[in-house]
Amino acid sequence: MSSRDELTTSIVGIDFPNPDKSASNRRMEIMLCAPGDPVELRLEPTNQHDANAIGIWSERGVQMGYVSAERAPWIGKRMQEDEVAAVFQGLVQSGAYVRIRFGGGLPTLPPAPVEPPRAPPAPRPMRAAPRPVHDPHAFYPDEDGPEFGA
């Protein structure tokens with residue numbers, strides 16, 4: 001088996017609503033997926049924007065997005081020549097990914113990416129001391145005004 005029999009690719013268009021009656025949310029559907037969940041790749045030769053388009057659908061039948069336009073022609077050609085299986089790989093920061101395998105069998109998930117540790121949050125500036133409660137019956141001299149009784 002060659003290294004070209006399995007690959008990871010991003011899911012694009014995840015922030016667009018689906019054209020179904022409920023305008024299902026692609027990002028929400030992605031958030032419901034766990035690594036290793038099966039996904040379906042669907043060729044869309046009648047897509048008005050790109051005849052090479054490949055839709056990515058969850059096992060619940062909700063569209064999650066598309067294969068990128070740069071990878072779609074090659075992946076589409078391989079899909080027509082060979083058996084294909086795909087699984088959800090993960091959501092990392094704001095991007096989502098699928099793992100695709102050609103030639104039979106399920107894709108193997110690579111180890112989860114190790115995200116660099118986040119810097120601790122910056123300390124919050126100290127707040128000024130709370131203002132005393134204003135007493136409407138007390139006398140408050142005007143600091144900029146004239147001295148009374150002098």
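These are my notebook entries on a barrel, its strand β6 and a nonpolar surface patch.

**Entry 1: the model.** I am working from a predicted model. I kept that in mind for every look-up below.

**Entry 2: the overall sheet.** I traced the strand order first. Six strands form a closed barrel, in the order β1-β4-β3-β2-β5-β6. The pairing is antiparallel. From one strand to the next, the twist averages 40 degrees.

**Entry 3: strand β6.** I then turned to β6, which spans residues 95–102. How many of the eight residues of β6 are buried? I find seven, so the rest of the structure largely encloses this strand.

**Entry 4: the β1 side.** I looked up the pairing with β1, residues 6–12. β1 and β6 run antiparallel and share six bridges. Two pairs went into my notes. Leu7 has Ile100 of β6 as its bridge partner. Glu6 is bridged to Arg101 of β6.

**Entry 5: Arg101.** I stayed on this residue. Is Arg101 buried or exposed? Its relative accessible area is 14%, and the cut-off for buried is under 20%, so Arg101 counts as buried. I also checked its side chain. The side chains of Arg101 and Glu6 make a polar contact of 2.5 Å. Glu6 therefore meets Arg101 twice in my notes: as bridge partner and through this side-chain contact.

**Entry 6: the β5 side.** Next I looked at β5, residues 84–92. Eight bridges tie β5 to β6, and the two run antiparallel. Val92 sits opposite Gly95 of β6. β5 and β6 form a hairpin with two residues between the strands. I checked the backbone there. Gln93 has a positive phi, near 55 degrees.

**Entry 7: the surface patch.** I finished on the outside. Which residues make the nonpolar surface patch? I list Met28, Met31, Leu32 and Leu91. The patch covers about 400 Å². I placed Met28 in helix α1, residues 26–31. Why does Met28 count as partly exposed? Its relative accessibility is 47%, and partly exposed lies between 20% and 50%, so Met28 falls in that class. Patch residues need over 30% relative accessible area, and Met28 has 47%.

**Entry 8: recap.** I noted β6 paired with β1 by six bridges and with β5 by eight. Arg101 of β6 is buried, whereas Met28 of the patch is partly exposed.

Terms used
Residues are numbered from 1 along each chain as its sequence is written. This is a predicted model: local features need pLDDT of at least 70, side-chain atom pairs count only at pLDDT 80 or more; totals for chains, interfaces and linings use all residues. Side-chain values use heavy atoms; hydrogens and water are left out. Patches are made of residues with over 30% relative accessible area and no salt bridge: like charges are joined within 9 Å, nonpolar side chains (Val, Leu, Ile, Met, Phe, Trp, Tyr) within 5 Å. Accessible areas come from the Shrake-Rupley method with a 1.4 Å probe; for residues, only the protein chains shown count as cover. A salt bridge is a side-chain nitrogen of Lys or Arg within 4 Å of a carboxyl oxygen of Asp or Glu. Helices (H or I, at least four residues) and strands (E, at least two) are DSSP runs, numbered from the N terminus. Buried means under 20% relative accessible area, exposed over 50%, partly exposed in between (1.4 Å probe, protein chains only). A polar contact is a pair of N or O atoms within 3.5 Å; within protein, one must be able to donate a hydrogen and the other to accept it, and residues adjacent in sequence count only if both atoms are side-chain atoms. Two strands pair if DSSP finds at least two bridges between them. Axes are lines fitted to C-alpha atoms, for helices over the stretch in contact, and angles run from 0 to 180 degrees between N-to-C directions.
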